[in-house]
Amino acid sequence: MNYNNPVIKGFYPDPSVCKVDNTYYLVCSSFQYFPGVPIFESKDLINWTQIGHCLTRKSQIQLDTVNSSGGVFAPTLRHNNGRFYMTTTNDTTHQNFYVWTDDIYGEWSEPIYVDQGGIDPDLYFEEGKTYFMSNGTDDYGVGGIVQCEIEIESGRKLTPSRSVWQGTGGRYLESPHLYKINGRYYLMVSEGGTEYGHMVTYARGNSPSGPFEAYKNNPVLTNRNLGGYELQGVGHGDLVQDQEGNWWLLHLGFRQTGQYLTFHHLGREVFLTPVAFGEDDWFTAGHKGTTLMSFETDRITDTIIQQEKKVFTFENTDWNLDWCYLRHPVAEHYQLESDKVKLKGTGVTLDVPASPTFLGIRQKDFNAVISCEISLTNGEAGITLYMDENHHYDLALRNHQHGYEVIERLNIGDIKSTEKAIELGHCNHATLIIKATPTLYHFYVQIEDTETLLGSAQTKYLSSEIAGGFTGVLIGLYATGESPDCNAVFSRFSCEYY
Ligand code: 6LW
């Protein structure tokens with residue numbers, strides 16, 4: 001059969017995967033968004049369904065002072081003795097911790113902190129021992145992939161942290177994962193930075209702590225030499241073995257726009273790449289060490305169909321799974337119903353790294369028509385294409401002294417510009433429509449049956465290349481205003497990809 005990448009679209013970076021019985025489970029990083037660390041499940045590696053989040057309570061993760069692209073960095077998901085563990089970093093507070101659950105559909109524990117620095121923590125379990133790894137500096141001042149043994153019940157360190165591998169010389173050595181395969185220990189990492197030079201490298205040894213010998217054909221996976229190819233920045237992955245014994249890599253990458261001076265605005269997504277072990281027990285990945293937008297494989301039977309949901313509405317999404325908040329929401333400001341949502345705006349705007357009244361869903365593809373009916377009492381309410389507080393495009397309804405208007409406002413770095421306003425008089429509701437293409441967003445208001453174009457803006461200015469950071473564009477519904485009566489009702493939401 002032929003499957004297409006990405007297997008999970010939209011901003012879901014740093015995947016980590018484990019298999020329990022016949023099911024694969026996968027987690028991703030979530031930065032300043034709440035709830036933290038989305039969890040997906042799959043039976044076949046190509047169809048993934050979100051089933052929850054690991055960090056659903058404020059007591060588990062402090063996000064209040066977290067800047068955009070701070071907060072929850074790359075997680076690792078593992079299963080040991082019937083229990084799931086998810087370890088991650090709050091990069092803003094510089095804390096590594098893990099949470100656990102015996103029921104992956106239920107709640108996770110309070111955090112257990114580990115006194116080892118760095119990011120991208122990993123857990124490896126063997127014969128009653130737990131090895132904790134991250135990238136950083138060890139207790140002797142040596143940098144690299146740093147490892148200690150911990151007591152799993154308490155997170156207490158049982159050994160000093162020691163640097164066990166320095167990688168192959170690429171910048172930003174990160175995302176360590178340790179595996180035992182055919183009697184040997186494989187330490188897989190990423191290097192090159194999570195940009196166009198990203199790559200997966202690995203080494204192997206005879207003990208969990210090394211010494212490790214690097215694979216001589218590293219990087220085992222990179223698209224850095226495929227100039228002009230849509231899929232770039234591949235790296236940061238995790239290995240998993242399927243029912244038939246085949247190995248796969250789930251890893252991040254991004255889809256770029258353009259061929260030269262390219263950019264990407266949908267964030268880093270999840271890709272699936274076949275892995276094969278040779279007779280010498282070194283492994284190779286993908287097509288000549290690269291990841292493709294689609295793979296022909298006989299490892300997955302033709303009877304399995306890769307499904308893709310094309311239309312997202314209030315009715316067919318779940319507030320707790322598909323939608324997320326910026327940092328910790330003030331619950332009273334959100335009234336979530338099956339076919340509508342009522343938002344109460346506050347003086348907190350989209351322009352600050354705080355928690356405005358905001359509900360976001362990831363933009364999962366380039367071409368889309370997004371629409372929503374909005375009615376407002378006071379203040380401003382609308383749809384935002386949100387990359388961070390300094391980079392977002394807003395299409396909104398707002399009131400002024402004499403009535404209401406629809407505005408298109410662009411926020412690009414230090415420039416904040418209301419490009420267009422259309423008067424609505426005393427009419428306090430309208431249907432707002434955004435049409436997205438790979439390079440442009442077009443903003444419309446629909447009054448009765450007439451659609452009026454307010455203007456267009458380039459997708460490029462919401463990209464990682466312009467905005468920086470590790471996230472991707474979210475489609476946000478928001479309300480803001482100083483008046484105590486800033487109330488908005490959003491209904492008939494639809495985001496249709498084509
Ligand atoms: C993550 C690091 C990385 O922790 O980006 O792609 C960082 N690699 O491993 C943020 O996602």
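## Rings and charges in a predicted model

The charged end of R299 lies over the ring of W248, at 4.9 Å from the ring centre. This structure is a predicted model. R204 makes a contact of this kind too: its charged end sits over the ring of W282, 3.7 Å from the centre.

| Charged residue | Ring beneath | Distance to ring centre |
|---|---|---|
| R299 | W248 | 4.9 Å |
| R204 | W282 | 3.7 Å |

Now to rings paired with rings. Searching the whole structure turns up 34 aromatic pairs. One of them joins F97 and Y113. Their ring centres are 5.8 Å apart and their planes meet at 55°, so this pair is tilted. F97 belongs to strand β9 (residues 95-101), while Y113 belongs to strand β10 (residues 112-114). The two residues are 16 residues apart, and their pair links distant parts of the chain. How accessible is each partner? F97 has 1% relative accessibility, so it counts as buried. Y113 has 39%, so it counts as partly exposed.

A further pair is Y186 with F277. Here the centres are 5.7 Å apart and the planes stand at 90°. That makes the pair edge-to-face, because edge-to-face applies to planes over 60 degrees apart. Y186 lies in strand β16 (residues 184-191) and F277 in strand β21 (residues 269-277). With their positions 91 residues apart in numbering, this pair also links distant parts of the chain. Y186 is buried, at 1% relative accessibility. F277 is partly exposed, with a relative accessible area of 23%.

Which residues do ring pairs link into a cluster with Y186? They are Y202, Y215, W247, F277, W282 and F283. W282 is also the residue whose ring lies under the charged end of R204.

Notes:
Residues numbered from 1 in each chain as written. Predicted model: local features only at pLDDT ≥ 70, side-chain atom pairs only at ≥ 80, totals over all residues. Heavy atoms only, no water. Phe/Tyr/Trp six-rings, centres within 6.5 Å; stacked < 30°, edge-to-face > 60°. Helix = DSSP H or I, 4+ residues; strand = E, 2+ residues; numbered from the N terminus. Buried < 20%, exposed > 50% of the residue type's maximum accessible area, 1.4 Å probe, protein only. Lys NZ or Arg CZ within 6 Å of the ring centre and 35° of its normal.
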